[in-house]
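Q: Please take a close look at one part of this model. Describe a single residue, the strand that holds that residue, and how the strand fits into the rest of the fold.

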Amino acid sequence: MSMKAPPAGELDTLIGIYRKSNTPTGDTDLDTDLDLIIQRWAKIEPVGTAVYVGSFQTDTGITHRIYIDFTEGIKAEDVIRTSDGRQFRVQRSTNLNGRRVCTVLEVEELGDEETV
């Protein structure tokens, strides 16, 4: 089934896409840094119940889909932060309908910045 790219007016949430890096500190500790790689306007929508339940059966935990203008290089485990403090972990990145117009990110919500 073919899906339409969201019109520009629906891209109403400013997001930052961050790359996570770990640096060893001491013998057993890691210091985690998030480096901003790109900002985009996005449409964020929760997935349906069937996708939500099915994702937990496969251990991916998909809770939302995020639509952005076509962007290459987004990897699983990148972190998305919204302007209102919500955080998501990218589980999968794909092109909408296989075309280079819109990128769809399937993500797992992590919570607010303060709680993660």
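**A strand and its place in the barrel**

A: Strand β5 (residues 86–95) runs antiparallel to β6, and 9 bridges join the two. Strands here are DSSP runs of E of at least two residues, helices are runs of H or I of at least four residues, and both are numbered from the N terminus. Two strands count as paired if DSSP finds at least two bridges between them. This is a predicted model, in which local features need pLDDT of at least 70 and side-chain atom pairs count only at pLDDT 80 or more, while totals for chains, interfaces and linings use all residues. Residues are numbered from 1 along each chain as its sequence is written, and side-chain values use heavy atoms, with hydrogens and water left out.

Within this pair, F88 has E109 of β6 as its bridge partner. The residue of interest, E106, also lies in β6, which covers residues 102–112. E106 counts as buried because its relative accessibility is 11%; buried means under 20% relative accessible area, exposed over 50%, and partly exposed in between, with a 1.4 Å probe and protein chains only. Leaving aside neighbours within four places in sequence, E106 is in contact with I62, H64, R65, R89, V90, Q91 and R92. Contact means heavy atoms within 4.5 Å.

The wider setting is a barrel, closed by 6 strands in the order β1-β2-β3-β6-β5-β4 with antiparallel pairing. From one strand to the next the twist averages 45 degrees, where axes are lines fitted to C-alpha atoms, for helices over the stretch in contact, and angles run from 0 to 180 degrees between N-to-C directions.

Elsewhere in the barrel, β1 (residues 13–25) pairs with β2 (residues 29–46) in the antiparallel sense over 13 bridges. These two strands form a hairpin with 3 residues between them, and G26 in the turn has a positive phi of about 80 degrees. β1 is also joined to β4 (residues 79–82) by 4 bridges, again antiparallel. G16 takes part in both pairings: Q39 stands opposite G16 in β2, and R81 is the bridge partner of G16 in β4.

Along the sequence, the protein follows the pattern β-β-α-β-β-β-β. Of the 116 residues in the protein, 29% are buried. Among contacts with a separation of 6 or more, 54% are between residues 24 or more positions apart.
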